[in-house]
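Student: I should like to understand how the descriptive terms for a protein model are justified. Could we take them in turn?

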Amino acid sequence: MQKGGWLQAARAQHDMQQEWLEWLRAALPVELRAAVVSVVPRGDELTVLTASASWGTRLRFAMAALAPQLDARSGRAVTVKIRVAPSGRS
């Protein structure tokens, strides 16, 4: 393993998460933007962490409307999972 290789990989993953978070917040309606705590991309799956279950329900509907834009941004079909962030992450 190259010296610092794990750090570069972690930094790249963090940067990718931040890019997705910024993009998603910009694409969502204003009232839903703050509800998104984090976004974790993994292959064809995008996990969106929300501040609460009630925000998660609203985000499910919004994410369905964004499906074509998500697929276009990633270059492939994306499956979205909405999860409530553990307390302390919001």
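Tutor: We begin with a definition: a residue is buried under 20% relative accessible area, exposed over 50%, and partly exposed in between. Please note that the model before us is predicted.

Student: Why is Trp23 called partly exposed?

Tutor: The relative accessible area of Trp23 is 22%. Buried means under 20% and exposed means over 50%. The value for Trp23 lies in between, and therefore Trp23 is partly exposed.

Student: Is Trp20 buried or exposed, and how do you know?

Tutor: Trp20 has a relative accessibility of 7%. The cut-off for buried is under 20%, so Trp20 counts as buried.

Student: Where do Trp20 and Trp23 lie?

Tutor: Both belong to helix H1, where they are three residues apart, about one turn of the helix.

Student: What makes Trp20 and Trp23 an aromatic pair, and what kind of pair is it?

Tutor: In general, a pair of aromatic rings is described by the distance of the centres and the angle of the planes. The ring centres of Trp20 and Trp23 are 5.7 Å apart, and rings pair if their centres lie within 6.5 Å. Their planes stand at 80 degrees, and planes over 60 degrees apart count as edge-to-face. The pair is therefore edge-to-face. The structure holds one aromatic pair.

Student: How do you know that the charge of Arg73 sits over the ring of Trp20?

Tutor: The charged end of Arg73 is 4.2 Å from the centre of that ring. The distance must be within 6 Å, and the charge must also be within 35 degrees of the ring normal. Arg73 is accordingly listed as sitting over the ring of Trp20.

Student: Let us turn to the sheet. What makes strands E1 and E3 edge strands?

Tutor: Three strands form an open sheet in the order E1-E2-E3. Strand E1 (36-42) and strand E3 (79-84) each pair on one side only, and they are the edge strands.

Student: How do you know that E1 and E2 pair?

Tutor: Two strands pair if at least two bridges are found between them. E1 and E2 have six bridges, in the antiparallel sense. In one of these, Ser38 has Leu49 in E2 as its bridge partner.

Student: What makes the pairing of the sheet mixed?

Tutor: E1 and E2 pair in the antiparallel sense, whereas E2 and E3 run parallel, joined by six bridges. The pairing of the sheet is mixed.

Terms used
Residues numbered from 1 in each chain as written. Predicted model: local features only at pLDDT ≥ 70, side-chain atom pairs only at ≥ 80, totals over all residues. Heavy atoms only, no water. Helix = DSSP H or I, 4+ residues; strand = E, 2+ residues; numbered from the N terminus. Phe/Tyr/Trp six-rings, centres within 6.5 Å; stacked < 30°, edge-to-face > 60°. Buried < 20%, exposed > 50% of the residue type's maximum accessible area, 1.4 Å probe, protein only.
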